[in-house]
Amino acid sequence: MSIELLVETLRLHGNRENAVKMDAYMKNLFVHLGIKTPERRAHMKAFLKNHPFQKEWIPLLWELPERELQSVAVDMLVLIKKKLTPVDLPMIEYLITTKSWWDSVDGIAAHIAGTIFKAYPEARKEYVEKWTESDNMWLNRTAILHQLHYKQDTDEYLLYDCICRHAHSKEFFHQKAIGWALREYGKCNPKSVIAFVDANELKPLSKREALRIIRLQQEK
C-alpha cells in the first residue's frame, strides 16, 4: 500500500536524540521516531500531493508502534474533517479508546468529532450521551471538549450537562477538560461561565482553569 512509503520516509528521518526526549515527555507510554510536528506535517503533505487520501490508511497507521504515525492519522483526518459523516464515528470512537492519551484525544475531540457533531446534530445527541456516560475516561473527555471551538454556537445546556456529570471526578483529565472547556466558552460568554462556576461545586483545578482568562481580563 502507498501509505508504506510515508511510513518508510518518516522512519528514515527519525532522530534518536529527539525521540528520547519525546518518550520521556509522554511518560514512556509510547515509542517515538523523534520527528517534530512541523517536519512530520511537511512529509505528510508532500506524500499527499502524489497519493490521494484513503480512509483505510487510518487504522493501519494506528496499529504501528511509533507515536508520530498516530499523529499523522489525526492530521490526515483533520484535513478531510468536513467530509466525515456519522458513518465514521465508530472509527473515531476506536481511535479515542485505543492508544489513548491527551495528544491524540484532544485533537480528535475538538477538530474531528466536533466537526462531525456540528454538521449532524442527531449523531451528536446520540454519541455525546453515550460518551458522557461511558466508563472510558477519554470518551468522557471528548464529550466535554467537542465544542471547544464552537464559540457562540456552543450548546450551553449540553456543555454544562457534560461537565456536571463529571464535576466531582478525582481524575486529572476530567478536571482539566472541564476547566479548558469553560475557559474557551468564557471567551465569548464570560457572564454565563462565572454564573455556572459560582453555582456549582467544581474541583479547584477546574475552577482555576475556567476563570483564569476572565480574571486576567478583569484585572486590566
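Where is asparagine 28 found? Let us start there and work through this predicted model together.

**Exercise 1. Locate two loop residues and describe their backbone and exposure.**

*Step 1.* Asparagine 28 sits in the loop between α2 and α3. Lysine 27 belongs to the loop between α2 (16-25) and α3 (37-50).

*Step 2.* Now look at phi. Lysine 27 is not a glycine, although its phi is positive, about 60°. Asparagine 28 is not a glycine either, and its phi is positive at about 55°.

*Step 3.* Are these side chains buried or exposed? The cut-off for exposed is over 50% relative accessible area. Lysine 27 has 57% relative accessibility, so it counts as exposed. Asparagine 28 has a relative accessible area of 58%, so it is exposed.

**Exercise 2. Work out how α3 and α5 are arranged, and list who makes the contact.**

*Step 1.* Begin with the axes. Those of α3 and helix α5 (residues 67-79) come within 10 Å and cross at roughly 55°.

*Step 2.* From this angle, α3 is oblique to α5.

*Step 3.* What is the handedness of the crossing of α3 and α5? The crossing is right-handed.

*Step 4.* On the α3 side, the contact is made by Arg40, Arg41, Met44, Phe47 and Leu48. On the α5 side, Glu68, Ser71, Val72, Asp75, Met76 and Leu79 take part.

*Step 5.* Sorted by class, this contact of α3 with α5 has 6 nonpolar, 1 polar and 4 charged residues.

**Exercise 3. Follow Met76 from that contact into the nonpolar core.**

*Step 1.* Which residues touch the most other members of the largest nonpolar core? Among the 67 residues of this core, they are Met76, Leu77, Ile92, Trp131 and Leu182.

*Step 2.* Helix α7 (residues 102-119) gives the largest share of this core, with 8 residues.

*Step 3.* Leave out residues up to four places away in sequence, and list what methionine 76 touches: Ile3, Leu6, Met44, Phe47, Leu48, Phe53, Trp57, Ile58 and Leu61. Met44, Phe47 and Leu48 in this list also belong to the α3 side of the contact in Exercise 2.

**Exercise 4. Describe the two contacts that α11 makes, one with α10 and one with α12.**

*Step 1.* The axes of helix α10 (residues 156-164) and helix α11 (residues 172-186) come within 10 Å, crossing at roughly 160°. That angle makes α10 roughly antiparallel to α11.

*Step 2.* The α10 and α11 crossing is left-handed. From α10, the contact uses Glu156, Leu159, Tyr160 and Ile163, while α11 brings Ile178, Ala181, Leu182 and Tyr185. These residues divide into 7 nonpolar, no polar and 1 charged.

*Step 3.* Turn to the other partner. The axes of α11 and helix α12 (residues 190-199) come within 7 Å and cross at roughly 145°.

*Step 4.* Here α11 uses Leu182, Tyr185 and Gly186, and α12 uses Pro190, Ser192, Val193, Phe196 and Val197. The classes in this contact are 6 nonpolar, 2 polar and no charged residues.

*Step 5.* Put the two lists side by side: Leu182 and Tyr185 of α11 appear in both contacts.

**Exercise 5. Compare the surroundings of three helix residues.**

*Step 1.* Place them. Tyrosine 94 is in helix α6 (residues 89-97), alanine 109 is in helix α7, and serine 206 is in helix α13 (residues 204-219).

*Step 2.* Check accessibility. Buried needs under 20% relative accessible area. Alanine 109 has 0% relative accessibility, so it counts as buried. Serine 206, with a relative accessible area of 1%, is buried too. Tyrosine 94, at 33% relative accessibility, counts as partly exposed.

*Step 3.* Which residues does each one touch, not counting residues up to four places away in sequence? Tyrosine 94 touches Trp62 and Glu63. Alanine 109 touches Gly114, Thr142, Leu145 and His146. Serine 206 is in contact with Gln175, Ile178 and Gly179.

*Step 4.* Finish with distances between C-alpha atoms. Alanine 109 and glutamine 147 are 38 residues apart along the chain, and their C-alpha atoms are separated by 8.2 Å. Tyrosine 94 and leucine 48 are 46 residues apart along the chain, with their C-alpha atoms separated by 24 Å.

Terms used. Residues numbered from 1 in each chain as written. Predicted model: local features only at pLDDT ≥ 70, side-chain atom pairs only at ≥ 80, totals over all residues. Heavy atoms only, no water. Axes fitted to C-alpha atoms, helices over the stretch in contact; angles between N-to-C directions. Helix = DSSP H or I, 4+ residues; strand = E, 2+ residues; numbered from the N terminus. Parallel < 35°, antiparallel > 145°, perpendicular 65-115°, else oblique. Left-handed = near helix turned anticlockwise from the far one by under 90°. Contact = heavy atoms within 4.5 Å. Nonpolar A, V, L, I, M, F, W, Y, C, P; charged D, E, K, R; others polar. Core = buried A, V, L, I, M, F, W, Y, C linked by side-chain atoms within 4.5 Å. Buried < 20%, exposed > 50% of the residue type's maximum accessible area, 1.4 Å probe, protein only.
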